Amino acid sequence: MKGDDGMAGRKTWQELRAEALDDPGACAAYEATRFRFELGRAVRERREALGMSQARLAQAAGLQQPAVARFEAGGTMPTLPMLDRLATALGMRLQVGFEPLDRAG
């Protein structure tokens with residue numbers, strides 16, 4: 001039976017999201033998407049801080065501009081060699097490591 005607001009029995013977005021992420025497959029897909037988004041954002045922010053265009057970064061990294069655009073938007077999962085080329089082109093060093101889950105933020 002609906003309450004006065006007509007919302008009885010409906011779940012919040014947070015509840016629906018939590019239920020969906022209980023599925024291991026959905027959780028893995030969500031984490032992969034988050035990872036791609038965060039990597040792309042980090043590259044875009046560094047590129048912009050250096051005043052570089054996507055085309056200039058692509059040329060310096062040996063990529064095509066659309067590949068940089070897709071990566072920055074979180075649309076592709078990069079390989080380690082690609083990340084290394086991007087890091088070098090951005091004047092950075094790629095650092096990859098493992099961290100215990102209880103210390104991960």
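**Exercise 1. Find out what covers the buried residues of α2 in this predicted model.**

Start with the residues themselves: in α2, the buried ones are Arg36, Gly40, Val43 and Arg47. Now look at what lies over them. The cover includes α3 (54-61) and α4 (65-72). For a close-up of one residue, pick Phe71. Leaving aside neighbours within four places in sequence, Phe71 is in contact with Arg36, Gly40 and Val43, among others.

**Exercise 2. Check whether the span of helix α2 agrees or disagrees with its number of residues.**

Step one: helix α2 runs over residues 24-49, which is 26 residues. Step two: at 1.5 Å a residue, the helix should span 38 Å. Step three: the end C-alpha atoms are 37 Å apart, so the two values agree. Then look just past the end of α2, where Gly51 takes a positive phi of about 70°.

**Exercise 3. Decide whether Arg47 counts as buried or exposed, and say what its side chain pairs with.**

First, place the residue: Arg47 sits in helix α2. Next, take its relative accessibility, which is 8%. The cut-off for buried is under 20%, so Arg47 counts as buried. What about the charged-looking end of the story? The side chain of Arg47 makes a polar contact with the side chain of Glu72, at 2.6 Å. Setting aside neighbours within four places in sequence, Arg47 also has contacts that include Met52, Ser53, Gln54, Leu57 and Leu90.

**Exercise 4. Work out which elements build the largest nonpolar core.**

Begin with the core: it holds 13 residues, and those with the most contacts inside it are Leu57, Leu63, Phe71 and Leu86. Now sort by element. Two or more residues come from each of α3, α4 and α5 (80-89). Of these, α5 gives the most, with 4 residues. You can see one link in the contact list of Phe71, which includes Leu86. As background, nonpolar side chains in soluble globular proteins tend to be buried together.

**Exercise 5. Compare the radius of gyration of the protein with that of a compact globule.**

Get the fold straight first: there are 5 helices and 0 strands, in the order α-α-α-α-α. A compact globule of 105 residues would come out near 13 Å, but this protein has 19 Å. Next, check the extents: the C-alpha trace spans about 65 × 30 × 20 Å along its principal axes. Finally, look at burial: buried residues make up 20% of the 105 residues.

Note on methods:
Residues numbered from 1 in each chain as written. Predicted model: local features only at pLDDT ≥ 70, side-chain atom pairs only at ≥ 80, totals over all residues. Heavy atoms only, no water. Expected span 1.5 Å × (residues − 1). Buried < 20%, exposed > 50% of the residue type's maximum accessible area, 1.4 Å probe, protein only. Contact = heavy atoms within 4.5 Å. Polar contact = N/O pair within 3.5 Å; in protein donor to acceptor, adjacent residues only side chain to side chain. Rg over C-alpha atoms; globule rule 2.2 N^0.38 Å. Core = buried A, V, L, I, M, F, W, Y, C linked by side-chain atoms within 4.5 Å.
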